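Hi everyone, thanks for coming. I'd like to walk you through a few spots on one structure today, so please have a look at the screen.

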Amino acid sequence: YFDSMWTAMTPDLRVNLAGSISDNEEKKECEDEQLIVACNNGHWESVMEPDGVTGHKAKILFLPSTPCSSGEDVILRCVLGAINSASESIYMCMGHFNISEVVSRAFKQATDRGVKVNIISNSLHSCDLRTGQLDLMRSLKRMLTVAPDVQLYVAAVKDGKVPPFLHSKYVVVDSRWTCSGSWNCWLRSAFYEAEQEIFVRSESFASDLEEKFTREREQFCIRVKTADECNQFLP
């Protein structure tokens with residue numbers, strides 16, 4: 001999974017970020033130890049950290065992204081690398097969404113491989129930024145057109161109750177690979193906003209996020225099965 005993260009990056013960026021990381025990773029792998037890769041004032045360093053819950057090996061990578069006029073989004077590249085390597089399941093919950101064509105097609109390829117793709121999205125009922133809701137729902141309609149087997153859940157009034165404010169941002173792949181932080185799956189993260197994301201390979205952390213996803217899906221989301229069903233959420 002971490003290999004897919006690095007190979008998902010552009011060659012120039014890999015050269016700039018790798019360096020001592022690859023040396024440290026090689027050394028720790030030879031020692032069969034657990035590795036955390038952290039970023040400290042622009043310098044990468046490795047430290048030791050156990051997974052105290054299960055004893056499973058865990059790796060953590062902290063990755064910042066800086067917006068630019070070209071729209072390069074290194075976090076998105078890492079997420080796409082994980083989606084493209086998925087073999088069992090994908091869970092994605094985003095505080096703000098505007099799913100691009102490349103992500104929709106990655107979901108399509110994943111579902112064609114038999115991967116179960118589950119999405120929780122915001123709506124007018126559960127968000128703090130409402131100006132992007134039209135684009136959000138249009139992108140979800142397009143996603144379900146391209147990848148109709150994606151299981152989409154939208155925060156909505158359910159059993160007469162208004163959903164709580166939804167601000168979670170995380171992805172879980174194959175119950176092992178996860179990411180969470182300030183990054184949203186939308187273009188603002190590429191062009192306008194500096195983001196900080198942490199990538200974790202840990203079965204216990206992935207399990208916690210999957211449980212959170214299931215709980216919130218059951219409590220305040222409804223299933224949206226077709227592109228046309230997105231129309232009920234259009235502003």
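Let's begin with the nonpolar surface patch formed by Leu187, Phe191 and Tyr192, which together have about 360 Å² of accessible area. Areas here are Shrake-Rupley values with a 1.4 Å probe, and for residues only the protein chains shown count as cover. Patch members have over 30% relative accessible area and no salt bridge (Lys or Arg side-chain nitrogen within 4 Å of an Asp or Glu carboxyl oxygen), and nonpolar side chains (Val, Leu, Ile, Met, Phe, Trp, Tyr) are joined within 5 Å.

A word on the source: this is a predicted model, where local features need pLDDT of at least 70 and side-chain atom pairs count only at pLDDT 80 or more, while totals for chains, interfaces and linings use all residues. Residues are numbered from 1 along each chain as its sequence is written, and side-chain values use heavy atoms, leaving out hydrogens and water.

Phe191 sits in helix α7, residues 188–191; helices are DSSP runs of H or I, at least four residues, numbered from the N terminus. Is Phe191 buried or exposed? Neither: its relative accessible area is 33%, so Phe191 is partly exposed, that is, between buried (under 20%) and exposed (over 50%).

Now, Leu187 also turns up in the largest pocket: of the 16 lining residues, Gly71, Asp73, Leu76, Leu187 and Ala190 lie nearest the centre. Both α4 (74–85) and α7 give two or more residues to that lining, and α4 gives the most, with three.

Finally, Ser121 counts as buried because its relative accessibility is 0%.

Notes
Patch = residues over 30% accessible without salt bridge, like charges linked within 9 Å, V, L, I, M, F, W, Y side chains within 5 Å. Buried < 20%, exposed > 50% of the residue type's maximum accessible area, 1.4 Å probe, protein only. 1 Å grid on protein atoms, 1.4 Å probe; cavity = no way out; pocket = protein on both sides within 12 Å on 5 of 7 lines; lining within 4 Å.
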